[in-house]
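Visitor: Please take a close look at the aromatic and charged side-chain pairs of this model, and set them in the context of the whole chain. I would like one connected account.

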Amino acid sequence: MPAHRLLTAAGLLAFAAFAAQAQVDLKTIQLPRSYAGDSPEAVVEALSKSIFSKDPFENDATYAQRVKALGPTLVFEQRTLAGPFVFKPPEGSVRFSYDANREVWTYRLGLPPVGNIYGTQGIKVFERSAKAYEYPAIAEIYASRGKFVTQTNVIYLQMDKAKAQAAISGQFKSKPIEAKGLDGWLAIAVFGHVLPPYTSEGTKYANGPDDHVVEHFKSIRFVQDGVWVFDKRTGEVYSKTWEFKRN
């Protein structure tokens, strides 16, 4: 096993920190097995508390000063507003491919628009079908028109720096014999920090006659600092680099 893959004492300490859900060590070489990152639902709920939200009667300067003073305040799992926060995109949203000639793995994660917020893009980190009782009025409106509607709850990482970008992608070297064993077992986790105003929410309605999906979304304003590529089975980290790629 290469020297940089050995689980050193520092790696064991990092593993223990993750297991305890304490501060995140961005230099770790070992994540817990079946690592899932932070819960998007829990983080967006924590950041949506009134203490972090901008009052409609509060000007920008006052809000900025108040948020700055909240710096040491614990937000989530022993972390402050400085983070870092770590999210694992849903299975299937990341595409991996291997080039045996170059001995290189490539990953690509698309950046869709964030709900109906014009000019924004980000990472979809959570999606589930909404229950019928959650938004009964919308279901009734479509039913009255003889149409069926599918409603979803979605959480995005809203990334202002990703404007006009199509995807996040990266590469790492891997010998064919190692790459074959990793096929189907690679995953990524994105880590970064949050910016005020920390959250937003809205509803994106169906755009056309054949579009019967209504999306209820929440977003976390997020600055990405890096990406881990890791083995889902063991938690072993293979890469910690990232970059934006255009279409």
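Guide: The protein chain of this predicted model exposes about 13,500 Å², and carbon and sulfur atoms supply 56% of that area. Of its 247 residues, 41% count as buried. Its secondary structure comes to five helices and 10 strands. Among contacts with a separation of 6 or more, 72% are between residues 24 or more positions apart.

The aromatic pairs offer a suitable place to begin. A pair of aromatic rings is described by the distance of the centres and the angle of the planes. The count comes to 10 aromatic pairs. One of them joins F87 and F222 in an edge-to-face arrangement, with 5.8 Å from centre to centre and 75° between the planes. The angle is edge-to-face because planes over 60 degrees apart are classed in that way. F87 lies in strand β1 and F222 in strand β8 (residues 213–231), so this pair ties together parts that are 135 residues apart in sequence. F87 has 0% relative accessibility and therefore counts as buried. F222 is buried as well, with a relative accessible area of 2%.

Strand β8 also contributes W228, which forms a tilted pair with F191. Here the centres are 4.9 Å apart and the planes make an angle of 45°. Because F191 lies in strand β7 (residues 186–204) and W228 in strand β8, the pair ties together parts that are 37 residues apart in sequence. Both F191 and W228 are buried. Ring pairs extend this arrangement into a cluster that links Y35, F191, W228 and F230.

The charged side chains come next. Side chains of opposite charge can pair when their charged atoms come close. The structure holds 11 salt bridges. In one of them the side chains of D38 and R79 meet, at 2.6 Å from N to O. The two residues belong to distant parts of the chain: D38 is in the loop between α1 (9–19) and α2 (40–47), whereas R79 is in the loop between α3 and β1, 41 residues apart. Both D38 and R79 are buried.

The loop that holds R79 also holds T80, between α3 (60–69) and β1 (85–87). T80 counts as buried because its relative accessibility is 18%, and the limit for that class is under 20%. Leaving aside residues up to four places away in sequence, T80 touches G71, P72, T73, L74, V75 and F85.

A further salt bridge joins D231 and R233, whose closest N and O atoms are 2.9 Å apart. The two partners differ in exposure: D231 counts as buried at 3% relative accessibility, while R233 counts as partly exposed at 32%. Salt bridges that share partners also join K88, E91 and K232 into one network. Within that network, the side chains of E91 and K88 meet at 2.8 Å, N to O. E91 is exposed, with a relative accessible area of 54%, whereas K88 counts as buried at 17% relative accessibility.

For a polar contact without a charged pair, one may turn to T106 and Q171, whose side chains are joined at 3.2 Å. T106 has its place in strand β3. With a relative accessible area of 23%, T106 is partly exposed. Leaving aside residues up to four places away in sequence, T106 touches R95, F96, S97, G170 and Q171. T106 and S169 are 63 residues apart in sequence, yet their C-alpha atoms are 7.1 Å apart in space.

The strand pairing supplies the setting for these contacts. Strand β3 (residues 104–110) pairs with β6 in the antiparallel sense, over seven bridges. One of the bridge partners is A167 in β6, which is matched with G110. Strand β6 (residues 167–173) is mostly covered, since five of its seven residues are buried.

Note on methods. Residues are numbered from 1 along each chain as its sequence is written. This is a predicted model: local features need pLDDT of at least 70, side-chain atom pairs count only at pLDDT 80 or more; totals for chains, interfaces and linings use all residues. Side-chain values use heavy atoms; hydrogens and water are left out. Buried means under 20% relative accessible area, exposed over 50%, partly exposed in between (1.4 Å probe, protein chains only). Helices (H or I, at least four residues) and strands (E, at least two) are DSSP runs, numbered from the N terminus. Two strands pair if DSSP finds at least two bridges between them. Contact means heavy atoms within 4.5 Å. Accessible areas come from the Shrake-Rupley method with a 1.4 Å probe; for residues, only the protein chains shown count as cover. A salt bridge is a side-chain nitrogen of Lys or Arg within 4 Å of a carboxyl oxygen of Asp or Glu. A polar contact is a pair of N or O atoms within 3.5 Å; within protein, one must be able to donate a hydrogen and the other to accept it, and residues adjacent in sequence count only if both atoms are side-chain atoms. Rings of Phe, Tyr and Trp (its six-membered ring) pair if their centres lie within 6.5 Å; planes under 30 degrees apart count as stacked, over 60 as edge-to-face and the rest as tilted.
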